[in-house]
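Trainee: Before we look, I would like to ask how the terms used for a domain interface are justified.
Mentor: Then let us take the model and go through the terms one by one.

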Number of protein chains: 2
Amino acid sequence: MDKQQLIDCHERIKPFIHNTPVLTSRLIDEMIGANLFFKCENFQRMGAFKMRGAANAIMQLSNEQKEHGVVTHSSGNFAQALSLSAKSLGVKAYIVMPDSAPQVKKDAVKGYGGILVECESNLNAREQASKKIVQEHGATFIHPSNDDQVILGQGTACKELLELQPDLDYVVTPVGGGGLIAGSALSAHYFGNNCKTIGGEPFEVDDAYRSLKSGKIETNSSTNTIADGLKTQLGDRNFPIIQKHVEEIVRVTEEEIVSAMRVIWERLKIVCEPSSAVALAALLKKKEELENKKIGIIISGGNVDVGKLPF
Amino acid sequence: MDKQQLIDCHERIKPFIHNTPVLTSRLIDEMIGANLFFKCENFQRMGAFKMRGAANAIMQLSNEQKEHGVVTHSSGNFAQALSLSAKSLGVKAYIVMPDSAPQVKKDAVKGYGGILVECESNLNAREQASKKIVQEHGATFIHPSNDDQVILGQGTACKELLELQPDLDYVVTPVGGGGLIAGSALSAHYFGNNCKTIGGEPFEVDDAYRSLKSGKIETNSSTNTIADGLKTQLGDRNFPIIQKHVEEIVRVTEEEIVSAMRVIWERLKIVCEPSSAVALAALLKKKEELENKKIGIIISGGNVDVGKLPF
């Protein structure tokens, strides 16, 4: 994927996304000993960066494809992102979700105009359900993270950040399925001035960290983390980009995630998901190496039930 | 206080404050049936609008007065605001606080460079302690809300909001000591285009509501509200301004405050104090009268212990 594709993607999705604000905090800067710029994708439409990739993926379909709709399986932010993007573009979105998913997530999808398709809570069931919709309706399957158009879309948050702060030394993102970090690394490469990309990943779901070490895609045997957006699996579209363009992936404990989340809430005064705090946790962990650096952080999302907080 | 005083005040304090961002939410707009613009003073330095009035009050002192420092009694945001403003201006700040105040608030004052003076937890003790500092050190007493220079400073948040959104129909603020609503009402009067000012006040501390009804300053016999920033008493400097320029004060229940606070946290994705939610609660209460109006809301502050939330 080249620079022009990122530029075209950004122009294409601009009418459907917010150029989200960038916040700073003197107190957090003092904690790290560096200058941090928080790109607040929690303020994005539907509350997460996923809106960017979903909008781009749908817009790249042919008119005939759009007529038959799109389908994905997700119980997270991509379900809402695809629903809202599709609605904005006049396209049907079928969302396959396990019947065990929280009612609030099912309602959110329906609220954004998605067509909810419930299935059993296992990988095979959701793949079968998706396949059936593709066959019956001719819908196009869009993967939440392992898709070139999705990766390009997710990269536009980092592009916007670099437009405001062109001389960042680092950009830091959480690592889940790999779409955000791959897209961000491409933007850092093409639009930064020697800007390096760092990932934060929970020890409990460290498939990307281990994949970088071994040189092949590793899987997680369990997904016991509070960072529920990061339980997803690295893919074969984003992994090569991560191999080529990501400097390092830093693993963090569950305690470090909760502690960083509290810093963001109390110091930056914003509501973010546990997944978003993983990036700051990674920075706090390696702050000795970051003295006086200019660092961008993507706050990935803010969809959280404030009645169920870890503090 | 005239228009030029507000303009001069704003220019004076600009180097010491943030021009805070204004956020919007389609979902909240749909809930109210109007267009809302949230002026996020939770992102202000030290986390609340109080920074504005404190900075202005200190800057208006003579050099001789500045040499002897300033004193206030507050266990809330004004304590931190006066400490940080004074530090930024090279002035000593004595902060009288009850010894029963939470350690986190005492630490915050010290962290911002204030000189903490503890006293017993009653009005007489704190007034005596303040008087003693005035006598011994020659410090100037600055009231957290009942002071012309403080009122002018607090009004600059609404002035900034009107610079972005000149045709607001309403501006809404919480009502505590009265500094914010009086300053906002002045700005709405001088810089708005027929912009009316509405206050939100908890039923539990409805001194301003009752004062407007009776035409004289009323007091609260108890202060049993979650909106801890609003327990303070209306004063003789801000009450005449409120009488002249405030359209209405809307009272809200504790349940309505918590419910509005949850909307702000979950929909707007920001951390705000219960006091800030009182303004949105007031709007939700009278939404029938506000259809299709453009409304500014001052989110007054974000200093809250996220480990002690009402939801």
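Mentor: What follows concerns the interface between two domains of one chain, in a model that is predicted.

Trainee: Which segments make up the two domains of chain A?
Mentor: Domain 1 consists of 3-48 together with 147-299, whereas domain 2 covers 51-141, and their centres, taken over C-alpha atoms, are 25 Å apart.

Trainee: What makes residues of the two domains count as being in contact?
Mentor: The criterion is heavy atoms within 4.5 Å, and with it 23 residues of domain 1 of chain A touch 17 residues of domain 2 of chain A.

Trainee: Why is the pair A:Glu41 and A:Arg52 called a salt bridge?
Mentor: The side chains of A:Glu41 and A:Arg52 lie 2.7 Å apart, N to O, and the rule asks for a side-chain nitrogen of Lys or Arg within 4 Å of a carboxyl oxygen of Asp or Glu, so the pair qualifies. Across the interface of domain 1 and domain 2 of chain A, the rule finds two salt bridges.

Trainee: Which helix gives the most residues to the domain 1 side of chain A that touches domain 2?
Mentor: That is H8(A), with eight residues.

Trainee: How much area is buried between domain 1 and domain 2 of chain A, and which residues of domain 1 lose the most?
Mentor: About 1700 Å² is buried between the two domains, 58% of it from carbon and sulfur atoms; on the domain 1 side, A:Arg12, A:Phe16 and A:Met46 lose the most area to domain 2, together 41% of what that side buries.

How values were computed:
Residues are numbered from 1 along each chain as its sequence is written. Chains are lettered from A and ligands numbered from 1 in the order in which they are written. This is a predicted model: local features need pLDDT of at least 70, side-chain atom pairs count only at pLDDT 80 or more; totals for chains, interfaces and linings use all residues. Side-chain values use heavy atoms; hydrogens and water are left out. Domain bounds come from an automatic or database domain assignment. Buried area is the accessible area (1.4 Å probe) that two parts lose on being put together, summed over both. Helices (H or I, at least four residues) and strands (E, at least two) are DSSP runs, numbered from the N terminus.
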